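I am opening a fresh page for this structure and will note down, entry by entry, what I looked up. I begin with the ligand and then turn to the sheet.

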Amino acid sequence: MADEKTKKQWTILELIQWTTHYFQNKGIQSPRLTAELLLAYTLGVERISLYTHYDKPLNSRELAAFKENIQRRIRREPTQYITGKQEFWSMTFKVTPDVLIPRPETELLVETALRLFKQPAQTADPLSGSLTLADIGTGSGNIAIALAKELKNCVIYASDISEKALEVARYNAKNLLENPDQIIFLKGDLLQPFEKPDSSQVEGLGTRSPYREGTGSSNKLKFNGILCNPPYISEKDYAGLAPEVGQYEPKIALLGGKDGLSYYRRLLSTSVGYLFTQGYLILEIGFGQKEAVQKMIERTPGLTLQEVVKDYAGIDRVVVARRVDDARP
Ligand SMILES: C[S@@+](CC[C@H](N)C(=O)[O-])C[C@H]1O[C@@H](n2cnc3c(N)ncnc32)[C@H](O)[C@@H]1O
């Protein structure tokens, strides 16, 4: 880009063309789209208006801000952390470096849940008649919020071990949902927050509360469905991640132990006790993990494999298990 001393007036179109070429040479993926997203963000406008104002020149302050954003991207910072947002389920989520950037393939987890739960209320809580779902490792809240948007008669408990992620998720719920109280956010390790929930967090739900105090069962919450997109990258794969992912996204959101499967082991060994009979456990899996996760389900008493769903690239992406008996409390 020419030095400011030359007093060249850069128009929007010229900057898109120059930056696209620059990103291409630096090996940045989707160079044109990235240039447009960063320029629209810098100018505080929608992408479409770049085209309706393509011959508008930038002032020196705008140009300096755009240069800074280009440099951040060249240092491999993800575009979404620069702009602070990512689309998911046709909604714009706030994202910060404390949360995983929602991936398009995770929409399949939501689609699968909707297909299962939009059926007649056969899976609803027999006492309240409404659905109660859990989203474990909610991150930006994308899965829970998409479900809440689609299933109005549904209470969703969303947990994460990261308080900072929960702050982002709470913000997104308030910003994106008509009724943000549909989601109850709890901090803790996997299903542990549902073991003995703080009564202030479940008060007010009335008959919708899945907290079965005084019914003779343990004081665990019970769900019609538990969803989870856990960290599932193995140590070996983690070392080879693109810098955008490995250097910028939270390690705690990515690394799934030595073989990438440790969260599945922990979830499968505990989730049966938190599901109503016929309830679903719906898990996102990584490339090549189907056989291992399938075997774990087959070895888990009280669970049966329901289906494996492929994503649009033909990769096994979502595994559904179902609670088949009432053997455990
Ligand atoms: C792969 S990210 C998924 C984020 C979001 N649900 C999505 O699909 O985009 C995994 C999430 O699990 C959280 N997490 C990691 N370990 C956890 C644990 N032991 N208990 C609860 N959440 C955990 C991370 O903080 C992160 O937000």
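Entry 1, the ligand. I started from the side chain of D160, where an N or O atom lies 2.7 Å from an oxygen atom of the ligand, and I keep in mind that this is a predicted model. I then looked for contacts to the backbone, and found a polar backbone atom of I161 at 3.3 Å from a nitrogen atom of the ligand, as well as a backbone N or O atom of G188 at 3.5 Å from a ligand nitrogen. How much of the ligand's accessible area does the protein cover? I read 96% of the 590 Å² that the ligand has on its own.

Entry 2, the shell. I listed the surroundings of the ligand and came to 19 residues, with G137, D160, D189, L190 and N229 as the closest. Sorted by class, the shell holds 10 nonpolar, seven polar and two charged residues.

Entry 3, the sheet. I traced an open sheet of seven strands in the order β5-β4-β3-β6-β7-β9-β8, and noted that its pairing is mixed. Which strands stand at the edges? They are β5 (183-187) and β8 (303-310), and because each has a single partner strand, one side of each is left without a neighbour in the sheet. From one strand to the next, I noted an average twist of 20°.

Entry 4, two pairings. Within the sheet I followed β3 (residues 131-136) and β6 (residues 223-228), which run parallel and are joined by four bridges, with I136 standing opposite C228 in β6. I then compared this with β8 and β9, which pair in the antiparallel sense over seven bridges, and where E307 stands opposite V320 in β9. These two strands form a hairpin with five residues between them, and in its turn I noted G314, which has a positive phi of about 80°.

Entry 5, helices on the sheet. I last looked up helix α6 (residues 107-117), which lies across β3, β6, β7 (275-284), β8 and β9 (316-323) and runs at about 160° to β7. Helix α12 (residues 262-271) lies across β6, β7 and β8, and I noted its direction at about 170° to β7.

How values were computed: Residues numbered from 1 in each chain as written. Predicted model: local features only at pLDDT ≥ 70, side-chain atom pairs only at ≥ 80, totals over all residues. Heavy atoms only, no water. Near = heavy atom within 4 Å. Polar contact = N/O pair within 3.5 Å; in protein donor to acceptor, adjacent residues only side chain to side chain. Areas by Shrake-Rupley, 256 points an atom, 1.4 Å probe, with all protein chains shown as cover. Nonpolar A, V, L, I, M, F, W, Y, C, P; charged D, E, K, R; others polar. Pairing = 2+ DSSP bridges. Axes fitted to C-alpha atoms, helices over the stretch in contact; angles between N-to-C directions. Contact = heavy atoms within 4.5 Å.
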